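Got a minute to look at a model together? Here it comes.

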Amino acid sequence: MAPMPEDTQPKFLRNFYLACFFLDFVFAYAIYNVFFSIRGLSILKISLLLGWWAFAVLVFEIPTGALADRWSRRNMLVLAPLIKAGCFVTWFFARGDFVLYGLGFLLWGLSEAFASGTTQALLYDHLKLAGKTGDYEKVLGRKTSFSHLALALSLVSGGFIASRSLDWAILLSTVPLFFSAFFAAGIREAPKAQANGRTRYMEFIRVAWREVRSNRVLPYLFACFGVIFITFGTLDEFDQLYYQLVRLPLYAFGIAGFAWSMLNAAGAQAAYKFKDRPWVFFAFPLLSALCLFAVALYPSIPVIAVLWLAYFLAAPLQVLVEGRIQRHIRSESRATITSFNSFFLNLSAVILIPILGLIGRIAGLRTIYLSVGLILLLFSAWVFRVRNKPAVKAANIAGDPGDGR
């Protein structure tokens, strides 16, 4: 394949960053659980809706990954925000109807699956065609930081809009999503490794599964990404309860969410600086574990900053592991393999969240943070122990194994 013209690089990145930014700029993020409660739904029904959303993502994850490999990744990113907008339009007209709220979550789950795997594969193939795979962590970190910035701004502005009207906070959430679709449509998609159009849809799934089973590096990277993503991706579900435990004033919850998002953005932005330092994969989880132990043992408002530090340390790891996963995919089923990883992540999260909730109910909220800290401590010890195994050494190659470096 001929290299992509140099003058297309800035345009691709601009459209890519803006599409991802507006996909996560959703006013409803600040209030949707409260919205359901005010509309008459019980805690049980709200929990069922959240579980239904996670189930929808699981069901659609791998099929949409294969569709991205077979069809067009750019078109998938155009459709993802439009489908997500359908969720909020449905909620706006639901007026307390549990089934319509469920339909909205089904659309949201489908949208998540459309973007998951597709985004990373589109970016990596573009950089590969441009001969710049060494920049993947830097670009992905910047994309992730933009997504966290969008979340931070949407939490603040969404709360403000909701204070005037909950319904408008829901309906206006569609506006940034149309911007996301607009910028995604401006992305120039790089040709895939397979471009003859003869590979059948199901073959992408079979090829992806064979590679996941035969590639010794990918299971290790999936495990690393899983522990890091799942522990912190589930832990933040309990952070507002921790704020309540330490008696943080209610008005400061939005400020805390903004600070959390900005620190995650800063951590993701700095990830590429650690690309050639394998020691971060056991050092940062160890430091995060110590932070969580302090959070559990010394609950107070100042210790919230220590909790944020734990998230800050985890943010670069997610970018770095994701970069290594992309580098070690050898087949044309790039989006499908990435979706396999997301499938296992979501399945594990669906299992872990109720377990942590049960632990919290039996032994108290602080025990949740102790438990996650213990998981990270054991993970850090495991990574340190296996660091010299061939598959782990191969996984720690910062360059693309296929680019001759």
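Below, a biologist asks and a modeller answers.

Biologist: Before we start, what kind of model is this, and how are residues numbered?

Modeller: It's a predicted model, where local features need pLDDT of at least 70, side-chain atom pairs count only at pLDDT 80 or more, and totals for chains, interfaces and linings use all residues. Side-chain values use heavy atoms, leaving out hydrogens and water, and residues are numbered from 1 along each chain as its sequence is written.

Biologist: Which side chain of opposite charge is nearest to Glu322?

Modeller: Glu322 sits in helix H15, residues 304–327 (helices are DSSP runs of H or I, at least four residues, numbered from the N terminus). Glu322 is buried (under 20% relative accessible area, 1.4 Å probe, protein chains only). It has no salt bridge (a side-chain nitrogen of Lys or Arg within 4 Å of a carboxyl oxygen of Asp or Glu). Lys and Arg count as positive, Asp and Glu as negative, with His and the chain ends not counted, and the nearest opposite charge, 6.1 Å away, is on Lys143.

Biologist: Is Ala54 buried or exposed?

Modeller: Ala54 belongs to helix H3, residues 43–70. Its relative accessibility is 11%, so Ala54 counts as buried.

Biologist: How far apart in space are Ala54 and Glu211, C-alpha to C-alpha?

Modeller: In sequence, 157 residues separate Ala54 and Glu211. In space, C-alpha to C-alpha, the distance between them is 26 Å.

Technical notes:
Helix = DSSP H or I, 4+ residues; strand = E, 2+ residues; numbered from the N terminus. Buried < 20%, exposed > 50% of the residue type's maximum accessible area, 1.4 Å probe, protein only.
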